[in-house]
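Biologist: I would like a close look at one part of this protein. Please start with the surface, then go inside.

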Amino acid sequence: MNDHRVINALRVLGVEMITHANSGHPGIVLGAAPMIETLFVKHLNINPEYPNWINRDRFVMSAGHGSALLYATLHLSKFDVTIEDLKKFRTFGRTPGHPEYGHTDGVETTSGPLGQGVANAVGMAMAEAHLSSTFNEENLPLIDHYTYVLCGDGDLQEGVALEALSVAGHLRLNKLIVLFDSNDIQLDGEVGLAYSENHQMKFEAMGYHYLRVEDGMNPDAIHEAIQKAKANKNKPSFIEVKTVIGFGTNVAGTSQSHGKPLSEQQVESLKKELSWSEEPFQVPADVYEYCDKYIVKRGINTYQQWLDTEKNYQAEYPEKYKQFTDFLNPVQEKQLDELLTIDFDDNEATRVSGGKVINKASTLLRNFIGGSADLSSSTKAKGFDGHFEASNYKGRNINFGVREHAMGAIVNGMTLHGGLKVFGGAFFVFSDYMKPAIRLSAIMRIPSIFVMTHDSIAVGEDGPTHQPVEQLAGLRAIPDLNVVRPANGIETAVAFKNAISSNDTPTVIVLSRQNVKPTSGDVQGANMGAYVISSETEKLDGILLATGTEVGLAVAAQKKLLEQGKDVRVVSMPSVFVFEQQTESYKESILPMNTKILAIEAAHPMPWFKYTKHIMGVETFGASADGDLVMKRYKYTENDVIEEFNKL
């Protein structure tokens with residue numbers, strides 16, 4: 001029994017899955033199998049009995065189209081992935097076309113959109129660096145693991161990956177090891193059609209320890225390279241492994257093997273080439289035994305050793321151990337009650353309120369960490385305890401640089417790692433750069449926090465490029481994502497409290513640059529997603545439904561309407577997502593049927609048609625001028641609200 005037999009088992013299982021489903025990507029399965037086998041058999045510390053063990057090594061299949069290879073490996077590693085699961089590849093089962101976190105045992109992140117997995121891995125390595133620096137004591141390393149990521153040419157052509165890899169090189173994250181499946185082929189043909197960079201020069205310039213394996217079919221050479229990477233203590237490592245896509249088939253080395261299932265005849269020919277005589281989906285006992293010995297039992301032994309370390313750590317450092325367990329346990333809402341007692345000014349911009357909340361939350365929770373994309377002075381989204389940098393991994397303020405795309409995916413990776421509550425801040429219009437990562441956070445149902453400021457055309461002088469119009473509608477359309485646009489300090493505090501204490505919902509908190517008009521926020525109401533922030537006096541003549549800075553505008557208009565004999569209610573709806581989860585009776589009590597409703601939001605009107613056809617929205621881009629003047633030009637004044645309501 002040897003490594004090549006396990007490698008061939010992975011190859012055959014993978015292509016059988018793909019051919020059986022008549023859908024998938026056999027090329028990477030056949031070419032990258034030696035890499036993943038070597039990693040799992042010789043290096044990866046995991047325990048399928050405790051798959052969420054905090055100190056396990058992380059493996060990210062960033063080239064998510066290689067999912068069949070990952071599932072086959074997880075099966076042989078005794079994760080809860082059965083042969084029946086493999087037979088149901090890409091057919092509503094637990095083995096979807098691209099890996100999905102929370103869907104398949106042993107999968108560390110949802111990958112497939114190329115580059116995202118690389119950036120997630122950088123986030124995981126950053127989390128490891130912060131936690132190890134915070135807790136480890138000499139000879140008692142509570143957190144001491146590697147993050148490995150397998151990527152392909154496509155990953156390295158995506159901007160998000162390069163942004164994130166730049167961050168990792170700058171931070172000198174030596175526990176990050178990138179395995180590059182370098183086969184010179186992509187979907188449309190040879191990589192040279194679109195890409196001709198020198199990987200060694202490029203990654204050494206980015207601060208990486210570069211290694212190259214000329215024969216990617218040789219597990220010993222791959223093993224040696226990974227050993228050298230682990231021995232390097234001051235840089236992340238980038239291992240270029242030269243492989244043959246579609247190895248062992250008549251389409252080897254061509255783009256035809258990338259995304260087209262092999263025919264049954266091709267599979268049989270492959271088996272002969274590999275001297276594999278088993279029936280379909282049959283794995284010999286010696287392969288299972290080998291994987292059990294070198295993957296499972298080795299991992300269990302490492303886990304047991306860590307339990308001893310944990311026990312000794314608890315005895316020697318009981319206070320730090322208590323803090324460590326606090327990091328790992330879910331945040332309780334009562335831990336954040338002080339957020340609701342912050343002294344907010346009546347008319348301060350909600351970004352200022354948000355900055356106060358972040359500061360207070362940082363004192364209440366030592367595992368609250370994050371920063372902005374070179375914008376913390378504007379967004380007020382800044383972490384505590386100094387900068388997170390190569391000389392100070394304990395710092396909780398992350399300088400993401402002008403890398404919004406990577407920031408979103410890094411926040412996801414840090415959140416996935418566990419032990420930390422993570423936020424990233426940017427101007428709201430640049431959520432466009434972050435959209436893939438925000439969407440993936442919702443697919444994964446992980447509690448990433450995205451703090452977005454400068455929320456409307458009131459941004460002013462910077463003009464239409466910096467003034468969001470369609471972003472609220474677009475993000476609200478994402479399932480399982482809580483988009484909150486608070487109107488005042490209290491609503492802002494509630495938004496952060498709920499976001500930080502969430503276990504399975506990502507949150508986008510959308511804050512204003514400009515000051516707000518005073519309103520009386522209500523904690524209980526904000527927790528319901530929408531509430532009556534200013535009630536009618538006697539008879540309900542209509543409703544002004546608003547969010548954010550437009551709530552204060554609605555309250556001011558309400559007073560003038562009453563002078564005209566119109567008795568209206570003002571409803572603040574900071575979160576459409578949360579409001580839609582309430583009972584029908586509650587929703588009816590806030591927005592009664594057969595009542596005139598005017599929705600007011602300085603953004604695209606699309607989200608509001610479910611509540612009313614009468615909407616004051618923005619359906620053109622903004623303009624460059626003073627923010628107040630822009631709002632007047634776009635008819636967001638008290639008189640404009642009164643005029644629109646009187647038309648109903």
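Biologist: How much area does the protein expose, and what share of it do carbon and sulfur atoms supply? Then take me to Glu128: which residues is it in contact with, leaving aside its neighbours within four places in sequence?

Modeller: This is a predicted model, so local features need pLDDT of at least 70, side-chain atom pairs need 80 or more, and totals for chains, interfaces and linings use all residues. Numbering runs from 1 along each chain as its sequence is written, and side-chain values use heavy atoms, without hydrogens or water.

The protein exposes about 25200 Å² (Shrake-Rupley method, 1.4 Å probe). Carbon and sulfur atoms supply 46% of that. Buried residues (under 20% relative accessible area) make up 61% of the 648.

Now Glu128. It sits in helix H5 (a DSSP run of H or I, at least four residues). Its relative accessible area is 2%, so Glu128 is buried. Beyond its sequence neighbours within four places, it is in contact (heavy atoms within 4.5 Å) with Ile143, Asp144, His145, Lys175 and His417. At His145, the backbone nitrogen lies 3.3 Å from a polar side-chain atom of Glu128. That is inside the 3.5 Å limit for N or O pairs in a polar contact, where one atom must be able to donate a hydrogen and the other to accept it.

Helix H5 spans residues 116–135 and gives 11 residues to the largest nonpolar core, the largest share. Such a core joins buried Ala, Val, Leu, Ile, Met, Phe, Trp, Tyr and Cys residues through side-chain atoms within 4.5 Å. This one has 79 residues; Met126 and Met414 are among those touching the most other members. Met414 is also in contact with Met126, as well as Gly123, Met124 and Ala127, among others.

Key. Buried < 20%, exposed > 50% of the residue type's maximum accessible area, 1.4 Å probe, protein only. Helix = DSSP H or I, 4+ residues; strand = E, 2+ residues; numbered from the N terminus.
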